[in-house]
Amino acid sequence: MKYAYLFLLSLTAPLLQAQEAPAAPPAEAAPAVAAASADDLNTCWQMYAQHAQQGQEKEAKEWYEKYLQLKEEKATAGDVKHMRELGLILLHGDVYQPPAPEKAVVWLSKAAEAGDAISAFKLGAYFKPFSPEESKRFYAKACEICKHTAETTTDATEKAQALEMLGYMEQEGLGVDADPATGIAHLEQAATYWAYERLFQTYAKGIGVAVDLPKALSYARNIADTAADADNMANASPNAGQMAWLLADSYLNGKNGVTKDIATGEHYLNIADRLNIRNAIYCKGLRLKNEGKNAEAYICFNRAASMKMPEAMTQAGIMKLHGADGVEQDVAMGLALLHSVASHFSEGREWYVGRAPYELALYYDGIGNEELAEEWYRIASDRNVVEAMARRGLSHIMPGSDAEWSPTLMYKWWKIGSDAGDATCSRYLNIFLWGAIPLILIIVFGLPILTVHLLNKKAQREEAAKEEQKD
């Protein structure tokens with residue numbers, strides 16, 4: 001079964017990653033940061049980031065090493081969070097810290113024994129390729145910690161994190177026997193956006209259950225709705241935009257198992273647009289263009305074009321090349337956009353990148369530059385633009401054309417275009433099949449037969465004349 005959004009099925013938010021390092025301060029904050037205590041982890045990180053941004057390699061390395069030293073001191077003093085974070089840095093390596101798996105295992109093991117489920121889970125994943133027994137032991141430890149936390153904690157966030165991790169492991173059979181139903185129940189109970197993303201994947205891919213796209217989309221709505229309120233963007237799921245676009249396309253076109261619902265589709269289209277999902281921006285541009293709102297449509301196309309979307313670059317190029325109501329004509333800009341798309345052909349996107357050559361062919365045809373027009377018609381037809389195939393076919397029989405004279409190639413291009421639904425190709429093909437071919441048959445076979453017939457008649461008359469003379 002084919003789905004329009006298989007790429008979304010691979011969405012996997014990092015499972016309970018280590019806490020992110022503090023963000024780098026703006027340049028104007030440098031004096032305040034420099035004045036802070038060098039014994040503060042946050043200060044060390046900010047100073048490292050500040051020097052790294054300014055290309056001061058030596059100073060950046062010194063501050064990073066100080067940051068790592070302080071983190072190790074806190075881990076040694078028994079801080080479980082710092083044990084885990086230090087272990088993950090050592091496990092994967094960092095800018096000035098090469099991977100050190102053996103040291104990483106020591107710190108992550110200490111954190112796991114102290115009740116940190118994330119550390120136990122990471123160790124389970126680390127040992128899986130080469131030590132299945134150790135992997136199973138740590139996964140089981142992670143499950144045990146998650147179950148205990150979910151049953152005993154009074155902190156809603158801790159409980160949700162424990163449930164989402166537990167649900168994932170139950171689905172996958174990590175540390176416990178696989179139990180998809182119980183895993184789904186725990187993910188539902190967690191009710192976090194990561195849990196909803198996992199549930200989306202569960203029903204979209206059929207992880208332990210039958211594929212159910214409408215149910216998958218119900219979880220996509222939960223994810224997209226985290227960004228429905230513009231004031232809540234900071235707390236929205238990182239995948240809210242993609243999920244909103246999936247919902248918009250599904251409801252606007254009545255696909256993926258849902259009934260067409262324009263109002264719902266436009267609601268999610270606006271969310272995806274606000275989150276700068278280029279497919280949504282382009283779709284909104286097309287809808288505005290169809291409504292005759294060219295100025296607003298051009299703004300959308302221009303936004304998506306700035307994200308290097310060939311479809312949007314083509315639409316913006318056409319509008320600038322010819323001008324439109326509310327869009328000032330700029331031939332040079334229009335040609336530049338179309339040439340940019342036409343010269344960056346990529347496999348699998350023939351129609352989109354072919355559309356630009358076709359528009360260039362029409363333009364050069366219109367100003368009487370037949371040589372360039374023919375070249376762009378040829379490129380457009382090679383890239384599966386059916387409207388260009390009628391002209392491509394004609395080029396193989398037209399006198400003075402640089403293309404090879406070949407009725408066979410002419411027929412080929414018209415047949416491809418006709419099969420793809422192009423009216424001009426169908427008309428040319430019908431003329432060829434019902435007009436030219438019978439005429440050719442008459443010329444090739446009819447004339448010789450007629451000639452033989454006339455010659456026989458003449459011979460018969462001559463024989464008759466000779467017989468009369470004898471009498």
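These legends describe close-up views of a predicted model.

**Figure 1. The whole protein chain, an all-helix view with 22 helices and zero strands.** The protein chain has 471 residues, and buried residues make up 43% of them. About 25000 Å² of the protein chain is exposed. Carbon and sulfur atoms supply 54% of that exposed area. Contacts between residues at least 6 apart in sequence were also sorted by separation. Of these, 47% join residues at least 24 apart.

**Figure 2. Helix 12 against helix 13.** Helix 12 covers residues 240-253, and helix 13 covers residues 262-274. Their axes come within 7 Å. The crossing angle is roughly 155 degrees. Angles over 145 degrees count as roughly antiparallel, so helix 12 is roughly antiparallel to helix 13. The crossing of helix 12 past helix 13 is left-handed.

**Figure 3. Residues at the contact of helix 12 with helix 13.** On the helix 12 side are G241, A244, W245, L247, A248, Y251 and L252. On the helix 13 side are I262, T264, G265, E266, Y268, L269, I271 and A272. Which kinds of residue make up this contact: nonpolar, polar or charged? The contact of helix 12 with helix 13 has 11 nonpolar residues, three polar and one charged.

**Figure 4. I184 and its surroundings in helix 9.** I184 sits in helix 9, which spans residues 180-190. Is I184 buried or exposed? I184 has a relative accessible area of 10%. The cut-off for buried is under 20%, so I184 is buried. Beyond its neighbours within four places in sequence, I184 contacts Q171, L199, T202, Y203 and V209. E164 offers a spacing reference for this view. I184 and E164 are 20 residues apart in sequence. Their C-alpha atoms are 9.3 Å apart in space.

**Figure 5. T202 and its contacts, seen from helix 10.** T202 belongs to helix 10, residues 193-205. Its relative accessible area is 0%, so T202 is buried. Which residues does T202 touch, not counting those up to four places away in sequence? They are Q171, I184, I207 and V209. The contact with I184 links this view to the previous one. Q171 and V209 appear in both views: I184 contacts them, and T202 touches them. The I184–T202 contact joins a residue of helix 9 to a residue of helix 10.

Conventions. Residues are numbered from 1 along each chain as its sequence is written. This is a predicted model: local features need pLDDT of at least 70, side-chain atom pairs count only at pLDDT 80 or more; totals for chains, interfaces and linings use all residues. Side-chain values use heavy atoms; hydrogens and water are left out. Axes are lines fitted to C-alpha atoms, for helices over the stretch in contact, and angles run from 0 to 180 degrees between N-to-C directions. Helices (H or I, at least four residues) and strands (E, at least two) are DSSP runs, numbered from the N terminus. Angles under 35 degrees count as roughly parallel, over 145 as roughly antiparallel, 65 to 115 as roughly perpendicular and the rest as oblique. A crossing is left-handed if the near helix is turned anticlockwise from the far one by less than a right angle, and right-handed if clockwise. Contact means heavy atoms within 4.5 Å. Ala, Val, Leu, Ile, Met, Phe, Trp, Tyr, Cys and Pro count as nonpolar, Asp, Glu, Lys and Arg as charged, and the others, Gly among them, as polar. Buried means under 20% relative accessible area, exposed over 50%, partly exposed in between (1.4 Å probe, protein chains only). Accessible areas come from the Shrake-Rupley method with a 1.4 Å probe; for residues, only the protein chains shown count as cover.
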